[in-house]
Amino acid sequence: MLFHECSEYIYTWLRKQNHVKEESLTDWMLYEISRKCNFIHYQAFSRHEEAKNGSDWEWWVLTPDCSGKHRYNAYRFLVQAKKLFADDKDNYPLINYSNRYGTQVDLLLDSARDKNALPLYMYYSICRSNVIEQIRNVSYISEYALRWCENCTNGCYLSLAQTVYELIYHVPRKRILDSQLLDRSFKLSILDLIFKENKKMIDRILDDFNNELMGHMKSDDYINFNQSFRGIKHNEETIPQYVAVFIQNMNEDLNWLEKEMKIKDISGMGIIDLRNEEEY
């Protein structure tokens, strides 16, 4: 299983080479999953040290449109990677990182609202998560899915950026351990379970999630609600031009894309193309 193998490999890598750079882990993982899976495509861009949007890379999941209104749906995600400190060290400075444009988590949340995307954190860690805590904290993932990977070794975890925001700002300043972050996240290997679903079922799952997200965004308790937010669901008519060009040329050399499309605010883009019924 692809995501299991990649996540376990990164765990082993971190164990053997603790000082490996976060960028090296990200580059290897994205290259590896795109190399091994024919419906995943990735293109790296130049790295911008002081990003204005708080994200490292942008992901799009393309699915057949179950409603038949469009040729396909496209769900947008912005991802920021963090290699967590282990051995009882404080991760607060890491996740509260800022540059001259502001704190990274604020930039990520604001950019996601402007781009109608879901902001996520990807954690690299050798810590072991507690599935009971994950079930309690990660309500958007089913207990079955969380337990499906309960005994799997993972070095990669995904978390909503809003969770990081709440940890930083909703409590007095205190130490944040890697275990606290992972217990509010889910293992990357769970994606193997999700992508085994029928492609149209994945569209329904993401559509339901988008509707739930929209309802949450409209609630009074959501921080800095932006009235322009329309959810993370797009289609062939609403995706940005550079994404349309990427989709049209996915199997070709795309080293020209960054310069021609003037892409300046992300370090890479990935497409998970589920529009046909090829087996995972």
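**Exercise 1. The nonpolar cores**

Determine which members of the largest nonpolar core touch the most other members, and which helix gives the most to this core.

*Solution.* Step 1. In this predicted model, the largest nonpolar core has 51 residues. Those that touch the most other members are M29, I40, W57, W59, F77, M122 and Y124.

Step 2. Helix α1, which spans residues 2–16, gives the most to this core, namely seven residues.

Step 3. Another core lies apart from the largest one and has 22 residues, including A117, A161, V164 and L182.

Step 4. I40 may now be taken as an example. When neighbours within four places in sequence are left aside, I40 is in contact with L2, F3, I33, S34, W59, I271 and I272. One of these partners, W59, is itself listed with I40 among the residues that touch the most other core members.

**Exercise 2. The surroundings of D65**

State where D65 is placed, and identify the nearest side chain of opposite charge.

*Solution.* Step 1. D65 belongs to the loop that connects β2 (57–63) with β3 (73–83).

Step 2. D65 is buried, and the nearest side chain of opposite charge is that of K233, at 4.9 Å. A salt bridge requires the charged atoms to be within 4 Å. D65 therefore has no salt bridge, since K233 is 4.9 Å away.

Step 3. The side chain of D65 does make a polar contact with the side chain of S67, at 2.8 Å.

Step 4. Beyond its neighbours within four places in sequence, D65 is in contact with H70, R71, Y72, N73 and D203.

**Exercise 3. The exposure of W256**

Decide whether W256 is buried, partly exposed or exposed.

*Solution.* Step 1. W256 is found in the loop between α11 (241–248) and α12 (257–260).

Step 2. Its relative accessible area is 35%. Buried means under 20% and exposed means over 50%, so W256 is partly exposed.

Step 3. Outside the four places on either side in sequence, W256 is in contact with V245 and N249.

Step 4. The C-alpha atoms of W256 and F45 are separated by 9.9 Å, although these residues are 211 residues apart along the chain.

**Exercise 4. The chain as a whole**

Explain why the radius of gyration of the chain agrees with that of a compact globule.

*Solution.* Step 1. The chain has 280 residues, for which a compact globule would have a radius of gyration near 19 Å.

Step 2. The value for the chain is 18 Å, and therefore it agrees with the expectation.

Step 3. Further values complete the description. The chain contains 12 helices and 10 strands, and 57% of its 280 residues count as buried. Of the contacts between residues at least 6 apart in sequence, 78% join residues at least 24 apart.

Methods: Residues are numbered from 1 along each chain as its sequence is written. This is a predicted model: local features need pLDDT of at least 70, side-chain atom pairs count only at pLDDT 80 or more; totals for chains, interfaces and linings use all residues. Side-chain values use heavy atoms; hydrogens and water are left out. A nonpolar core is a set of buried Ala, Val, Leu, Ile, Met, Phe, Trp, Tyr and Cys residues joined through side-chain atoms within 4.5 Å. Buried means under 20% relative accessible area, exposed over 50%, partly exposed in between (1.4 Å probe, protein chains only). Helices (H or I, at least four residues) and strands (E, at least two) are DSSP runs, numbered from the N terminus. Contact means heavy atoms within 4.5 Å. Lys and Arg count as positive and Asp and Glu as negative; His and the chain ends are not counted. A polar contact is a pair of N or O atoms within 3.5 Å; within protein, one must be able to donate a hydrogen and the other to accept it, and residues adjacent in sequence count only if both atoms are side-chain atoms. The radius of gyration is taken over C-alpha atoms; the globule rule is 2.2 Å times the number of residues to the power 0.38.
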